[in-house]
Amino acid sequence: IGLILYFCLRKRVTVYIGLCENHINRRRMGVLLGTVMLLGGFLLFLAALGNEMFSAVFPSLLLFLAGLITMVTAWRTVTAHKIEEPYVWVKGVHRDFLESLPVA
């Protein structure tokens, strides 16, 4: 019930923000690194179970979780902190960009 309420009552907004080449590359590398870690952890988990190497199961799950966290943090560069129509408060944006926006 809580999950259904969450999806019905949540507010969403799409904000298009340009990124410089440095931040685009950092984001790409973070997502790529996270994907490699995620897949490596999954494959290590399967190999550990297939070869009955149970001592490798925990490290493989840690690698999988670290890859997932790396991907999510690299993917989301800007997040909505607060939404009250018609205004949106965002986090993760440089001050120079915020100062270029009109005052509400």
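These legends go with four close-ups of a predicted model.

**Close-up 1. A nonpolar patch on the surface, shared by helices H2 and H3.** Eight side chains to look for here are Phe42, Leu43, Leu46, Phe64, Leu65, Leu68, Ile69 and Val72, and together they make a nonpolar surface patch of about 710 Å². Two elements each put in two or more residues: helix H2, running over 21-50, and helix H3, running over 57-75. H3 is the top contributor, giving five residues to the patch.

**Close-up 2. Phe42, a patch member on helix H2.** Zooming in on one of the patch residues, we get Phe42, which sits in H2. Its relative accessibility comes out at 40%, so Phe42 counts as partly exposed; the partly exposed class lies between the buried cut-off of under 20% and the exposed one of over 50%.

**Close-up 3. Glu52, a positive phi in the loop between H2 and H3.** Follow the chain out of H2 and you meet Glu52 in the loop that leads to H3. Glu52 isn't a glycine, yet its phi is positive, at about 55°. With 61% relative accessibility, Glu52 is counted as exposed, because the cut-off for that class is over 50%.

**Close-up 4. The hairpin of strands E1 and E2.** Here E1 (residues 79-84) runs antiparallel to E2 (residues 87-91), and the two pair over five bridges. Just two residues lie between the strands of this hairpin. For a handy landmark across the pairing, find Lys82, which stands opposite Trp89 in E2.

Conventions:
Residues are numbered from 1 along each chain as its sequence is written. This is a predicted model: local features need pLDDT of at least 70, side-chain atom pairs count only at pLDDT 80 or more; totals for chains, interfaces and linings use all residues. Side-chain values use heavy atoms; hydrogens and water are left out. Patches are made of residues with over 30% relative accessible area and no salt bridge: like charges are joined within 9 Å, nonpolar side chains (Val, Leu, Ile, Met, Phe, Trp, Tyr) within 5 Å. Accessible areas come from the Shrake-Rupley method with a 1.4 Å probe; for residues, only the protein chains shown count as cover. A salt bridge is a side-chain nitrogen of Lys or Arg within 4 Å of a carboxyl oxygen of Asp or Glu. Helices (H or I, at least four residues) and strands (E, at least two) are DSSP runs, numbered from the N terminus. Buried means under 20% relative accessible area, exposed over 50%, partly exposed in between (1.4 Å probe, protein chains only). Two strands pair if DSSP finds at least two bridges between them.
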